[in-house]
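Here are a few short exercises to work through with the model open beside you. Try each task before you read its solution.

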Amino acid sequence: MATQQESSSTGDDKKLVRAAQKGDMAAFEVLVARHRDKLYARAFSMMRNEEDAIDLSQEAWVKGWQRLKQFQGESSFVTWMTRIVINLCLDQLRKHKRHRTESIELLEEESGGVERQMPIVTANPTEGLERRELRQRIDRALGLLSYEHRTVLILHEFEELEYKEIAKRMECSIGTVMSRLFYARRKMANLMASYKREEMS
Amino acid sequence: MKRDLALKYQAFVDGELSEREARGVAEAIERDPEAQALVAELRATRTALAGNEPEVTLPETPEFYWSKIEGEIRRRGEEPVGTAGARWVAILAGWRRFLAPVAGVAVVTFLAIAAIKFQTGQVEDYAQHLAEIENLSEHSTSFSFRSGNMFVVWVQDKDYADVDNQVELIDNEDAFQ
């Protein structure tokens, strides 16, 4: 059922995109109304800041409108828009990075071995959780990661990009992507386990 | 467990290894309980995250959110016209900056050429042309000189030298003769 709805929504998107490509602003407004939450959520996941997430998601829509004629429909419209917002967030994060020192997590990861000292979480800490609760915990844990680890996790787990594509977008080596992803996952597993322990106690 | 090996297990979980490599790693995992535990944890984390991106609500009303996007699109939509105009103004302003130096160089060049001509005696030629001075009467004088194909006759009233002089220009010397 969900797939049918998604497919129908994509079909409707195509018509709206065609209209918007001809300059129909009302059609574009409908597309924004449909997907604004998803785009804002992605920007917020990456930036962890409401103001930045609003600004960047809006900028993505403006850029989307300007480049609409370049959209050929190889992917869905929302995927295309999501990539735009991700690129804007990465640019912004890179700008921020120039003005701040390296995070403790990154230094730990680069020094090597810290993630291997974390105990392996044997019991699944997310088992039996309601989806809403699971999402809340994921959100809480993501907020504790450095932007490098959070971004690589988002691009791999939510955006489903391959290592090579992530490396290209983050302007780093595949080895760095693998290392960051490994650290981020291990850290997430341990944070989720600690939330489970909190709940038990 | 070595770091490289741990990263290889992760690549195995993510399906990033070639078929041959994946077979080798799977065999290694089967033989190693620690590797099995690590792979189980990586898989559980991956599964927990997949499709569970935190849901956040846009903290602005949809109307306000859209109005900012629309405003920006319209502002930038007009931009190319504005930008083109501004670009021409900038280009002209750029050229205007060079106007004074170019004019200066032109004046200096002109003066230099004039000085060279003066020194090489071209002025003497003019003096030769001006040699034909004739006193037509006690009240008037005429000067005549040649320059190229031009023959110039200047008749001057001695009493009103400053105001009543006449100049006749004849373009063709032959016609004059």
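**Exercise 1.** Find which residues bring helix 8 of chain A and helix 9 of chain A into contact, then describe how the two helices cross.

*Solution.* Keep in mind that this is a predicted model. Start with the contact itself: from helix 8 of chain A come Glu148(A), Thr151(A), Val152(A), Leu155(A) and His156(A), and they meet Tyr163(A), Ile166(A) and Met170(A) of helix 9 of chain A. Sorted by class, this contact has five nonpolar, two polar and one charged residues.

Next, take the axes. Those of helix 8 (residues 147-158) and helix 9 of chain A come within 10 Å and cross at roughly 135 degrees. Angles over 145 degrees would count as roughly antiparallel, and 65 to 115 as roughly perpendicular; helix 8 of chain A and helix 9 of chain A are therefore oblique to each other. Finally, the handedness: the crossing of these two helices is right-handed.

**Exercise 2.** Classify the ring pair of Phe71(A) and Phe77(A), then do the same for Phe71(A) and Trp80(A).

*Solution.* A pair of aromatic rings is described by the distance of the centres and the angle of the planes. By the pairing rule, with centres within 6.5 Å, the count comes to eight aromatic pairs over all chains. For Phe71(A) and Phe77(A), the centres are 5.9 Å apart and the planes stand at 80 degrees, so the pair is edge-to-face. For Phe71(A) and Trp80(A), the centres are 5.0 Å apart and the planes at 45 degrees, so this pair is tilted.

Now check burial, for which the cut-off is under 20% relative accessible area. Phe71(A) is buried at 10%, Phe77(A) is buried at 3%, and Trp80(A) is buried at 17%.

To finish, step back to the cluster: ring pairs link these three residues with Phe28(A), Trp61(A), Trp65(A) and Trp66(B).

**Exercise 3.** Where do Arg48(A) and Glu171(A) lie, and is each one buried, partly exposed or exposed?

*Solution.* Most residues other than glycine have a negative phi. Arg48(A), not a glycine, has a positive phi near 60 degrees. Arg48(A) sits in the loop between helix 2 (25-47) and helix 3 (50-66) of chain A, and its relative accessible area of 25% makes it partly exposed.

Turn to Glu171(A), not a glycine either, with a positive phi of about 55 degrees. Glu171(A) belongs to the loop between helix 9 (163-170) and helix 10 (174-200) of chain A. With a relative accessible area of 59%, Glu171(A) is exposed.

Terms used
Residues are numbered from 1 along each chain as its sequence is written. Chains are lettered from A and ligands numbered from 1 in the order in which they are written. This is a predicted model: local features need pLDDT of at least 70, side-chain atom pairs count only at pLDDT 80 or more; totals for chains, interfaces and linings use all residues. Side-chain values use heavy atoms; hydrogens and water are left out. Helices (H or I, at least four residues) and strands (E, at least two) are DSSP runs, numbered from the N terminus. Buried means under 20% relative accessible area, exposed over 50%, partly exposed in between (1.4 Å probe, protein chains only). Rings of Phe, Tyr and Trp (its six-membered ring) pair if their centres lie within 6.5 Å; planes under 30 degrees apart count as stacked, over 60 as edge-to-face and the rest as tilted. Axes are lines fitted to C-alpha atoms, for helices over the stretch in contact, and angles run from 0 to 180 degrees between N-to-C directions. Angles under 35 degrees count as roughly parallel, over 145 as roughly antiparallel, 65 to 115 as roughly perpendicular and the rest as oblique. A crossing is left-handed if the near helix is turned anticlockwise from the far one by less than a right angle, and right-handed if clockwise. Contact means heavy atoms within 4.5 Å. Ala, Val, Leu, Ile, Met, Phe, Trp, Tyr, Cys and Pro count as nonpolar, Asp, Glu, Lys and Arg as charged, and the others, Gly among them, as polar.
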